[in-house]
Structures are given as C-alpha cells and as structure tokens.
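Student: I would like a close look at one part of this model. Please take it slowly and explain the terms as they come up.

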Amino acid sequence: MTIDRTISTSNTDFANFSMIIGNFSGENVVNITVDINQDLTKVPIFVSFSIPNDPSDKSYQRNILKATFNLCRIVEGVAGDFVSKMLAEQLKKISNISLKCPIQKGTYNFINFALNDKYLPSYLFKGNIKYLVDAKVMGKVQQRKNLVLLFTARSFGRVTKSVV
C-alpha cells in the first residue's frame with residue numbers, strides 16, 4: 001500500500017498530532033508523534049476505509065470497513081477481535097505508548113507504522129485502486145463529562161495488486 005498524502009487536524013487544547021510519510025526498507029510507512037496534555041481514561045478510535053465506486057469517482061463512496069477500536073482495551077490486551085490483536089502487537093513493536101490505562105499525558109511516538117494490504121480482502125482489488133482511510137481519535141479527560149476530539153487524520157493512497 002502506498003500513502004500519497006495525509007491531512008490531519010489536532011484539538012490543541014488536548015493534544016498535538018504530527019505525521020510524516022516515509023519509506024523504510026522499500027515499504028511506505030508513517031511516523032506519528034502525539035503530545036497528549038491530559039491523562040485519558042477512554043480513547044475510542046473511529047476508522048473507515050473507503051474506495052471509489054469506479055476509477056473516475058473522486059468521492060470514495062464505497063465504504064469497505066468501518067470500525068471503532070478502544071485503545072485502552074487494545075493496549076491492555078483484552079480486545080478480542082483479530083484486528084485489535086494485530087494492532088496491539090504492532091503498537092508494542094513501534095511505539096512507546098503505555099500498555100495500561102489511563103493513558104498518561106506525555107509524548108508518544110509511533111515509528112514506521114505501515115498499512116499492510118495483506119489484511120484486506122483480495123477480491124476487492126484488480127490491479128491499482130485508490131483508497132481513503134479516515135481516522136478520528138477521541139478521548140475522555142477528567143474535567144469533561146463527554147468525550148473530546150483529540151485529532152483526525154485522512155490518508156489518501158493506492159493499492160497495487162497483480163491480477164491472478
């Protein structure tokens with residue numbers, strides 16, 4: 001999978017988020033730094049993976065995956081589904097995030113994070129296809145009753161698979 005560009009926003013009252021796209025050993029990777037300025041007791045992550053209906057479609061209307069992940073359950077190793085387990089293993093390898101909640105205020109780095117197309121259904125791809133990954137990360141901070149938006153990220157890219 002290739003990441004062509006990323007757009008991100010941060011709610012600087014609670015977090016600062018930065019992302020750099022790079023190449024590591026021939027693989028397209030992302031390096032992320034998140035500065036969290038308050039402890040977080042809940043951290044839901046909303047993710048969607050979309051592709052165009054056809055090659056001329058610029059709106060990415062065909063939603064392939066829509067999921068919510070609980071970062072606290074993932075880092076504590078209690079999330080039961082395959083994707084959460086895969087994320088937990090990857091987080092242990094590429095980040096300095098605490099493996100318990102609450103997530104303490106501080107700076108967390110995620111180094112050489114790769115989107116891997118081997119986890120995507122092969123029937124979706126015949127040759128090259130564009131994709132959009134949307135992510136929204138929320139957090140529960142002590143002095144707020146509701147979740148607050150920490151940051152968002154939109155990554156546009158493409159998957160190249162040889163037709164079998």
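Student: On the other side of H2, away from its buried residues, which residues are exposed?

Tutor: Phe82, Lys85 and Lys93 are exposed there. Exposed means over 50% relative accessible area, buried under 20% and partly exposed in between, with a 1.4 Å probe and protein chains only. Before going on, note that this is a predicted model, in which local features need pLDDT of at least 70, side-chain atom pairs count only at pLDDT 80 or more, and totals for chains, interfaces and linings use all residues. Residues are numbered from 1 along each chain as its sequence is written, and side-chain values use heavy atoms, without hydrogens and water.

H2 is a helix of residues 82-94; helices (H or I, at least four residues) and strands (E, at least two) are DSSP runs, numbered from the N terminus. With 13 residues, H2 spans 18 Å from its first C-alpha to its last, close to the 18 Å expected at 1.5 Å a residue. That expected span is 1.5 Å times one less than the number of residues.

The buried residues of H2 are Ser84, Ala88, Leu91 and Ile94. They lie on the same side of H2 because they cover an arc of only 150° around its axis, taken from the directions from the axis to the C-beta atoms. This buried set packs against strand E5 (62-70), H1 and E6, where contact means heavy atoms within 4.5 Å.

Now for the disulfide. A disulfide is a covalent bond between the sulfur atoms of two cysteines, counted here when the sulfurs are within 2.5 Å. The whole structure has one. Cys72 and Cys101 form it, with sulfur atoms 2.0 Å apart. Cys72 belongs to helix H1 (residues 71-75), while Cys101 sits in the loop between helix H2 and strand E6 (106-113), so the pair links distant parts of the chain, 29 residues apart. The angle about the S-S bond is -95°, and the link is left-handed. Cys72 counts as buried because its relative accessibility is 7%. Cys101, at 22%, counts as partly exposed.

Burial can also be read off a strand residue. Ser48 lies in strand E4 (residues 44-51), and is buried because its relative accessible area is 12%. Beyond its neighbours within four places in sequence, Ser48 is in contact with Asn63, Leu65, Lys66, Leu132, Val133 and Asp134. Phe49 and Tyr131 are both buried as well.
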